[in-house]
Amino acid sequence: MYPRKLSWIFTILSVMVLLGASSLLFLSFQRLDYTWDFAFLKDYFWEPTSGKPGLILQGLWGTFYISLLSIVGGSVIGLLLGLVMICPEPLARKSATVFVDVFRNTPVLVQLYVMYFIVGTALELSPEMAGILTLSLFCSAYVADIFRANVLEFDKGQWDAARAMGLHQGQIALYIMAPQILRRMLPALVGQFVSLVKDSSLVSVISVNDLTKSALNVIAVSFRSFETWFVIAIIYCLLNYALSSYGRYLERRLRVGLYG
Amino acid sequence: MVKAESQQGSDQKSQALISLRSVSKSYQGPQGLHPVLQGLSLDVMKGERLSLIGPSGSGKSTCLRVINALETISGGEITVCGHTYGQSSLPVHKIRQFTGMVFQRFELFPHLSVLENVALAPRLTKSWAKDRAEAKAHELLERVGLKDHVLKYPSQLSGGQQQRVSIARALAIEPEVLLCDEPTSALDPELVHEVTDILQDLADGGMTMLIVTHEMAFARRVSTACLFLEGGRIVEQATPDEFFDNPKHPRLQQFLRILHA
C-alpha cells in the first residue's frame, strides 16, 4: 500500500466547495430581499377546518401510489420484455429492441402527451391511468435493458456447472440464474426507480393530483412559490432517500456470498 | 419402458460406463474450421481411473466436456451408462446425472452456502426432501474435511476448500463416474495436495474417474491408465509406470522431457 500522502488536499477542497455552495445560497437569499414564511404551509399539510389531510399530503399520496404502481408495472413488463430481447426468435427480439429504443429515446413528457391525448382519448383513459401506463412503459424499457445486459454477462462457468449436475433449463433459470442476476441488477434498478419517482412529477401536466400538482395548487392560492417549492423539493428528496437507503440495505444483505 | 431400454443398453456395452466412438469436433476459428477432436475413441470401464495428459489445445478438456454434453460434437457417438446422446429416450439432463464434474475454476454457486451448494442437486434431480439432501451433504462435507464450514459462503473459503466443496457437490448426485477437469490448476501450489488427497481417497474407494491434469506425480499415483492426447487424438495409452518410464511415442517423449527439464 502507498501512504495516502495527498489526503489533506481533498479535505481543503471539500471545505472550499462546502463554503462556496453555502455562501452562494446565503447570497441569493440576501439579494432576494424576501421575507420567508413557512408557517402557512402547515394548513396545506393538514386542513384545520375539515380535519383532513391537506393538499400536500394528498399530493404525496398521489405521487406515492402512481410511482409504486409504475415501478411494479414497469418491473413486470420490463422482465417479460427483457426475456423477449434475449429470445432466439429474431422478429420478436427485434420488436422488443425497437420498443425499448422508442421509449428510451423520447422524452417522458412527450410520451405522456401522446398517451393521454391520443391513446387516452381513444380508450377513454383517466389521467391517472394514462400516467401510470406511460411511466410503467417508460420504466419497463430501462428494466428490460438492465435485465438483458445482466443475463448476457452471466458467467458461462456457472451455467456449465449447473448443467453438469443434471439440472434442466427451468431449474437452472430458477435456482441458479435468477438469484444471481437479480442481485446484480439491484443497484441499477434502484437508480432507475429513484429516477422514476422524480419523473412522476411530470404527470402533473395532465392534471393528475401528485405532489407537483399540489404545489402548483398551493401556489395558486397562497402566491408563495419560494417556500412551497422548497418544501416540495425536501419531500421528494426524503422519499427518494428512503427508497435508495432501502436499496442499499437490500444490496448489503444480499451481497453475502456474491462478493464476500 | 425406460428401464427396459437401459437394461438392454448396459448389456450391449458390457461394463463400459463411458464409451466414445470416433468422436470429432471442430470450432469455427478465425482461420476457418479448427479441429479439436479427431476421431477420438475411448472406453472407461467401471473402477478404472484414466488420466488425460497432453499439451494445451490437445482436446483434453473438450473430451471431458463432450462426455457431459456441455459441448456438441460434429461426428461420432458418445454413450454414458448405456445411454447414447441423441438416441436414448432419456433427455440430455438425465444422462448428465450419471456423471459428476469438477471444474478447474470450482464454479460453486456464490449465492448459496456451502451446504446448499452440495444439497441442491440431489434435491432437484432426485427430488429428495430437504432433510435427506442436507444429511447427505453433511456426510460428504465431512468426508472432504469441511464439516466446520457448512454455513459459510464460497467466497469465504480458500481455493483448496472451494475445490473440495465442489468435489462434494459432484458426488452428491451419486454419479457413476467423476469427471475432473484440471482440478488443481487454479490452486496455489501448497494447496494442491488438499485436493489430490481427496481424489486419491475416492480412487481408493473404487470411484471410476476420468481426470484431466497437469500434476504428473498425482496422475501416476492415482491412475489405472494414462492417455496422451495430441491434436484431438489419443496417441499413447499405457499403465502409469509404462507411460512415464518407457514412453513410446516421440511426441510424448518430448512432452515428458520438457516437463522434467
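**Exercise 1. The open sheet of chain B**

Determine the order of the strands in the open sheet of 4 strands in chain B, and find which strands stand at the edges.

*Solution.* In this predicted model, begin by following the strands across the sheet, which gives the order β2-β1-β4-β5 in chain B, with antiparallel pairing. Next, look for strands that have a single partner: these are β2 (32–45) and β5 (83–84) of chain B, so one side of each is left without a neighbour in the sheet. Then turn to the pair formed by β1 (residues 16–29) and β4 (residues 75–80) of chain B, which run in the antiparallel sense and are joined over 5 bridges. As a check on this pairing, locate B:L20, which stands opposite B:I78 in β4(B).

**Exercise 2. A hairpin in chain B**

Describe how β9 and β10 of chain B are paired, and state how many residues lie between them.

*Solution.* The first step is to establish the pairing: β9 (residues 225–230) and β10 (residues 233–238) of chain B pair in the antiparallel sense over 5 bridges. One pair of facing residues can be picked out, since B:C226 stands opposite B:A238 in β10(B). The second step is to look at the connection, where 2 residues separate the strands of the hairpin, and where B:G231 in the turn has a positive phi of about 60°.

**Exercise 3. Length and faces of helix α7(B)**

Test whether the span of helix α7 of chain B agrees with the number of its residues, and work out where its buried residues lie.

*Solution.* Helix α7(B) covers residues 192–204, which is 13 residues, and at 1.5 Å a residue it should span 18 Å. The rule multiplies 1.5 Å by one less than the number of residues. The C-alpha atoms at the two ends are 18 Å apart, which agrees with the expected span. Now list the buried residues of α7(B), which are B:V195, B:T196, B:I198, B:L199, B:L202 and B:A203. Seen down the helix axis, the buried residues of α7(B) fall within an arc of 155°, so they line one face of the helix. The partners of these buried residues are β3 (49–53), α6 (159–171), β7 (177–181), β8 (208–212) and α8 (216–222) of chain B. Beyond the helix comes B:G206, whose phi is positive, near 95°.

**Exercise 4. Two domains in chain B**

Find the bounds of the domains of chain B, and describe the contact between them.

*Solution.* The domain assignment gives domain 1 as 2–98 + 175–260 and domain 2 as 106–174. Taken over C-alpha atoms, the centres of domain 1 and domain 2 of chain B are separated by 24 Å. The contact takes 11 residues from domain 1 of chain B and 12 residues from domain 2 of chain B. On the side of domain 1 that touches domain 2, α7(B) gives the most, with 3 residues. Sorted by class, that side of domain 1 has 8 nonpolar, 1 polar and 2 charged residues.

**Exercise 5. Where the chains meet**

Describe the side of chain B that touches chain A, and identify the element that gives it the largest share.

*Solution.* Start with the extent of the contact, in which 22 residues of chain B meet 21 residues of chain A. The elements of chain B that give two or more residues to this side are α3 (92–96) and α4 (114–125). The largest share, 4 residues, comes from α4(B). By class, the residues on this side of chain B divide into 11 nonpolar, 7 polar and 4 charged. Looking more closely at α4(B), one finds that 12 of its 12 residues are buried, and that these pack against α8 of chain A together with α5 (130–143) and α6 of chain B. After α4(B) comes B:S127, with a positive phi near 50°.

**Exercise 6. Buried or exposed in chain A?**

Decide whether A:L196, A:E124 and A:F223 are buried or exposed.

*Solution.* A residue is buried if 20 or more other C-beta atoms lie within 10 Å of its own, and exposed if 12 or fewer do. For A:L196, 24 other C-beta atoms lie within 10 Å, so this residue is buried. A:L196 is found in helix α8 (residues 169–199) of chain A, and among the residues it touches are A:S67, A:I71 and A:L135. A:E124 has 7 C-beta neighbours inside 10 Å and therefore counts as exposed; its place is in the loop between α5 (108–123) and α6 (127–152) of chain A. A:F223, with 8 other C-beta atoms within 10 Å, is exposed, and its place is in the loop between α9 (211–222) and α10 (225–255) of chain A. Finally, consider the backbone: phi is positive in A:E124, near 55°, and positive in A:F223, about 60°, although A:F223 is not a glycine.

Notes:
Residues numbered from 1 in each chain as written. Chains lettered and ligands numbered in written order. Predicted model: local features only at pLDDT ≥ 70, side-chain atom pairs only at ≥ 80, totals over all residues. Arc of directions from axis to C-beta. Contact = placed C-beta atoms within 7 Å. Nonpolar A, V, L, I, M, F, W, Y, C, P; charged D, E, K, R; others polar. Domains from an automatic or database assignment. Pairing = 2+ DSSP bridges. Lists of a residue's contacts leave out its neighbours within four places in sequence.
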